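Please look over the sequence and the fold before reading on. The report below takes up some aromatic residues, a sheet with its helices, and one further position.

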Amino acid sequence: MILKGSQRGCAKQLGLHLLKTQENEHVELHDIRGFMSEDVVGALREAEAISKGTKCRQFLFSVSLNPPETENVRVETFETALKAIEEKHGLAGQPRVVVFHEKEGRRHCHAVWSRIDAETMTAKPLPFFKNKLMEVSKQLYLENGWQMPKGMVNSKDRDPRNFTLAEWQQAKRIGRHAGDIKGDIQEAWAISDTRQSFSHALEERGLYLARGDRRGHVAVTFEGEVISIPRATGLKSKDVATRLGKPNDLGNVEETRQRIAKEILPQIGEHLAKAHALAQKDKSGLEQHRASMAAKHRHERAQLDAGQASRAEEEKRVRSARFRKGLRGLLDRVTGKRVALEKKNELEAIWALQRDREQRQALVEAQLHDRQTLQAKITAARNKHAAALRELHYDRTNYRLMRRGLEPRERKVFAPTKPVPVKPQQPPRDPHVEILKREQIAKAQDVQTRLDKLRRDHRGASTSKTTETRRLTREERLRRLREERDNKPRGPDLER
């Protein structure tokens with residue numbers, strides 16, 4: 001389970017973000033503890049009001065809990081993780097809010113603690129909270145038997161396409177995936193060795209090399225967003241400058257945007273519009289399906305909650321009716337019968353609560369399975385659209401080369417390949433030696449042929465001799481049996 005935490009303020013903004021239903025298909029308030037208010041925004045504003053009595057500006061500690069995508073994680077597992085986080089950071093008993101989100105077939109959790117201790121009016125210190133969250137995360141992977149990410153085992157094996165929140169928001173503005181953008185830049189870097197080849201590889205992927213205002217080398221997307229080359233490749237600026245040279249002779253971001261608008265957009269603008277129209281057509285159908293599925297799932301959960309609530313009220317009424325009143329009730333207290341009934345009711349209430357949790361968990365798992373199936377279709381359509389855009393940029397870049405009278409370059413794909421085994425070089429052959437070898441091989445074959453003929457002849461003679469011996473032996477045995485029968489003495493005649 002990946003844990004990401006931050007100390008922050010802005011209580012109202014965080015509360016509205018936790019309740020956002022535009023990106024999240026299901027938002028469920030799981031727990032509010034230690035606050036007078038019963039809603040998320042009111043509880044966080046209450047924590048902000050208490051922090052006014054201190055000098056603490058980052059009075060909230062927000063943690064997101066993201067389980068593996070392939071695992072169906074129960075609510076009890078999330079609660080265990082929250083308890084471990086509180087113990088590790090000294091937040092046990094602090095007011096908190098827990099909210100569950102579901103989107104794109106994934107279920108994750110957000111927890112927000114108030115750092116202000118109401119008794120001492122001081123903020124709880126959180127030293128090295130990122131390292132502590134990493135320890136808790138590793139422990140959760142081990143306890144639940146999940147496959148731990150390679151980057152968590154060894155930081156050097158971390159996925160280079162991982163992105164930050166700012167990079168995700170930047171990619172979202174242009175309707176692309178942040179991991180795909182970083183992957184395109186890293187692929188272009190891997191298949192190039194000079195500035196010219198790197199710039200050409202970037203243009204094939206809809207990116208353009210430019211000089212940044214604050215950083216040296218940047219890539220400008222077709223939509224005008226600026227991405228740092230060193231940050232996307234995970235290299236130092238001096239290492240990038242070693243291959244690409246100084247960025248002084250490159251155009252700045254504004255000039256690159258103007259070049260895209262004047263030179264590149266008129267060439268492929270119509271094709272891009274068609275590609276976007278086809279993608280929007282596919283997306284609209286899938287989006288309608290997603291919206292109808294989300295509404296259906298919400299209705300099913302509402303029906304389940306209403307049914308469980310009415311059943312809980314009925315079961316509560318039945319348990320209360322077991323207690324007798326008046327003198328009979330007093331007699332039950334004296335004899336101890338009421339204590340036995342209380343224990344029985346308590347066990348039944350716990351069993352009913354567990355039963356309701358199991359029913360809800362089963363419903364959520366079934367709905368997540370349906371949503372994941374739909375998400376696979378959405379992802380396939382998104383990848384198809386991205387591949388079509390890459391084809392357009394690739395064709396446009398090579399068309400520019402052909403206009404200049406140059407030969408279009410062959411497309412390079414970065415993929416790890418196995419090294420080709422090198423055969424040892426054979427020394428030059430002597431013709432006399434070759435003739436001697438042929439004569440020796442012919443003699444050996446002649447000798448082998450003679451030996452095979454002798455073996456066959458010997459085997460045939462032995463077989464016939466053995467058959468004849470067997471035949472004589474059989475006749476001899478029959479003759480002996482006849483002689484024994486004729487020469488056998490007879491016993492005395494029976495008296496009549």
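## Aromatic pairs

Tryptophan 146 is buried, as its relative accessible area is 12%, and buried here means under 20%. This value, like the others in this report, comes from a predicted model. Tyrosine 141, at 4% relative accessibility, also counts as buried. A search of the whole structure finds five aromatic pairs, and one of them is formed by tyrosine 141 and tryptophan 146, whose rings meet edge-to-face at 5.8 Å centre to centre, with 85° between the planes.

Another edge-to-face pair joins tryptophan 189 to phenylalanine 198, with 5.4 Å from centre to centre and 85° between the planes. Tryptophan 189 counts as buried at 12% relative accessibility, and phenylalanine 198 is buried with a relative accessible area of 0%. Elsewhere, ring pairs link Phe61, Trp113 and Phe129 into a cluster.

## The sheet

Five strands make up an open sheet with antiparallel pairing, and their order is E1-E3-E5-E4-E2. Strand E1 (2–8) and strand E2 (26–33) are the edge strands, each of which pairs on one side only, while the twist from one strand to the next averages 15°.

Within this sheet, strand E4 (residues 96–103) and strand E5 (residues 106–114) run antiparallel and are joined by eight bridges; valine 97, for example, has valine 112 in E5 as its bridge partner.

## Helices across the sheet

Helix H2 (residues 40–51) lies across E2, strand E3 (60–66), E4 and E5, and runs at about 140° to E4. Its twelve residues should span 16 Å at 1.5 Å a residue, and this agrees with the 17 Å between its end C-alpha atoms. At the N-terminal end of H2, aspartate 39 acts as a cap, with a side-chain oxygen 3.5 Å from the backbone nitrogen of valine 41.

The buried residues of H2 are Val40, Val41, Ala43, Leu44, Glu46, Ala47 and Ser51, and they pack against helix H1 (11–18), E2, E3, E4, E5 and strand E6 (116–117). In an α-helix there are 3.6 residues a turn, so residues three or four places apart point the same way. Helix H4 (residues 129–144), in turn, lies across E1 and E3, running at about 155° to E1.

## Glutamate 342

Glutamate 342 is located in helix H13 (residues 337–403). With a relative accessible area of 38%, glutamate 342 is partly exposed. Its C-alpha atom is separated by 8.8 Å from that of phenylalanine 323, and the two residues are 19 residues apart along the chain.

Definitions and conventions: Residues are numbered from 1 along each chain as its sequence is written. This is a predicted model: local features need pLDDT of at least 70, side-chain atom pairs count only at pLDDT 80 or more; totals for chains, interfaces and linings use all residues. Side-chain values use heavy atoms; hydrogens and water are left out. Helices (H or I, at least four residues) and strands (E, at least two) are DSSP runs, numbered from the N terminus. Buried means under 20% relative accessible area, exposed over 50%, partly exposed in between (1.4 Å probe, protein chains only). Two strands pair if DSSP finds at least two bridges between them. Axes are lines fitted to C-alpha atoms, for helices over the stretch in contact, and angles run from 0 to 180 degrees between N-to-C directions. Contact means heavy atoms within 4.5 Å. The expected span of a helix is 1.5 Å times one less than its number of residues. A polar contact is a pair of N or O atoms within 3.5 Å; within protein, one must be able to donate a hydrogen and the other to accept it, and residues adjacent in sequence count only if both atoms are side-chain atoms. Rings of Phe, Tyr and Trp (its six-membered ring) pair if their centres lie within 6.5 Å; planes under 30 degrees apart count as stacked, over 60 as edge-to-face and the rest as tilted.
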